[in-house]
Amino acid sequence: QVQLVESGGGLVQSGGSLRLSCAASGLLFSWYRMGWFRQAPGKERELVARISWSDDGVTYYADSVKGRFTISRDNAKNTVYLQMNNLRPEDTAVYYCAAALGVGDRPAYWGQGTQVTVSS
């Protein structure tokens, strides 16, 4: 079955960095657009970043993370990454990776999430 497994979350001080990874299995990874979402307590889940199908694919970032976060993928390793720099307390959330087939499609698959906590 399809699995998306996130790793790399943790506790970091404000201004620090983390790199999240999401390893995919059970799907044709290069067929899927990959995204990172996050959900903070009491808030709705929001899209943080997205990358299209190829390793040098088109990327999208939420305004709140532009210039600080970088999404990338390695189709040979079936893995998508989220490099997060200059982290802020408001970045604290559970981060999820997701896979969607077509442009505009809702994600078909979700990971279980990884907690990111940024202390001030």
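**Exercise 1. Asn86 and Asn78**

Determine whether Asn86 is buried, partly exposed or exposed, and state where Asn86 lies.

*Solution.* Step 1. In this predicted model, the relative accessible area of Asn86 is 42%. Step 2. Buried requires under 20% and exposed requires over 50%, so Asn86 is partly exposed. Step 3. Asn86 belongs to the loop between β8 and β9. Step 4. The backbone of Asn86 has a phi near 50°, which is a positive value in a residue other than glycine.

Asn78 can be treated by the same steps. Its relative accessible area is 24%, so Asn78 is partly exposed. Asn78 is located in the loop between β7 and β8. For Asn78, too, phi is near 50°, a positive value in a residue other than glycine.

**Exercise 2. The surroundings of Arg88**

Identify the residues that Arg88 contacts beyond its neighbours within four places in sequence.

*Solution.* Step 1. Locate the residue: Arg88 is in the loop between β8 and β9. Step 2. Establish its exposure: with a relative accessible area of 34%, Arg88 is partly exposed. Step 3. List the contacts: once neighbours within four places in sequence are set aside, Arg88 is in contact with Ser14, Ser64, Arg68 and Val118. Step 4. Compare sequence with space: Arg88 and Gln13 are separated by 75 residues in sequence, while their C-alpha atoms are 8.1 Å apart.

**Exercise 3. The disulfide**

Find how many disulfides the structure has, and explain which parts of the chain are tied together.

*Solution.* Step 1. A search of the whole structure gives 1 disulfide. Step 2. Its partners are Cys22 and Cys97, with sulfur atoms 1.9 Å apart. Step 3. Cys22 is in strand β3 and Cys97 is in strand β9, so the pair ties together parts that are 75 residues apart in sequence. Step 4. The angle about the S-S bond is 40°, and the link of Cys22 and Cys97 is right-handed. Step 5. Consider the exposure of each partner: Cys22 has a relative accessible area of 0% and is buried; Cys97 is likewise buried, at 0%.

**Exercise 4. The nonpolar core**

State how many residues the largest nonpolar core has, and which of them have the most contacts inside it.

*Solution.* Step 1. The largest nonpolar core has 29 residues. Step 2. Those with the most contacts inside the core are Trp36, Leu82, Met84 and Tyr95. Step 3. At least two residues of this core come from each of the strands β3 (18–25), β4 (33–39), β5 (46–51), β7 (69–74), β8 (79–84), β9 (93–100) and β11 (114–119). Step 4. As background, nonpolar side chains in soluble globular proteins tend to be buried together.

**Exercise 5. Aromatic rings and charges**

Describe how the rings of Tyr96 and Trp110 are arranged, and which residues form a cluster with them.

*Solution.* Step 1. The structure holds 3 aromatic pairs. Step 2. One of these is Tyr96 with Trp110, 6.5 Å centre to centre, with 85° between the planes. Planes over 60 degrees apart count as edge-to-face, and this pair is edge-to-face. Step 3. The pair links distant parts of the chain, Tyr96 in strand β9 and Trp110 in strand β10 (residues 109–110), 14 residues apart. Step 4. Tyr96 is buried at 14% relative accessibility, whereas Trp110 is partly exposed at 35%. Step 5. Ring pairs join Phe37, Tyr96 and Trp110 into a cluster. Step 6. Charged side chains also meet rings: Arg45 lies over the face of Trp110, 4.5 Å from the ring centre, and the charged end of Arg73 is over the ring of Phe29, 4.4 Å from its centre.

**Exercise 6. Arg33 and Ser52**

Establish whether Arg33 is buried or exposed, and which backbone oxygen its side chain reaches.

*Solution.* Step 1. Arg33 is in strand β4. Step 2. Its relative accessible area is 11%, so Arg33 is buried. Step 3. The side chain of Arg33 reaches the backbone oxygen of Gly102 at 3.5 Å. Step 4. Leaving out residues up to four places away in sequence, Arg33 touches several residues, among them Ser52, Arg73, Ala98 and Leu101. Step 5. Turn to Ser52, found in the loop between β5 and β6 (59–61). Ser52 is buried, with a relative accessible area of 12%. Under the same sequence exclusion, Ser52 touches Arg33, Gly57, Val58 and Arg73.

Technical notes: Residues numbered from 1 in each chain as written. Predicted model: local features only at pLDDT ≥ 70, side-chain atom pairs only at ≥ 80, totals over all residues. Heavy atoms only, no water. Core = buried A, V, L, I, M, F, W, Y, C linked by side-chain atoms within 4.5 Å. Buried < 20%, exposed > 50% of the residue type's maximum accessible area, 1.4 Å probe, protein only. Helix = DSSP H or I, 4+ residues; strand = E, 2+ residues; numbered from the N terminus. Disulfide = S-S within 2.5 Å. Phe/Tyr/Trp six-rings, centres within 6.5 Å; stacked < 30°, edge-to-face > 60°. Lys NZ or Arg CZ within 6 Å of the ring centre and 35° of its normal. Contact = heavy atoms within 4.5 Å. Polar contact = N/O pair within 3.5 Å; in protein donor to acceptor, adjacent residues only side chain to side chain.
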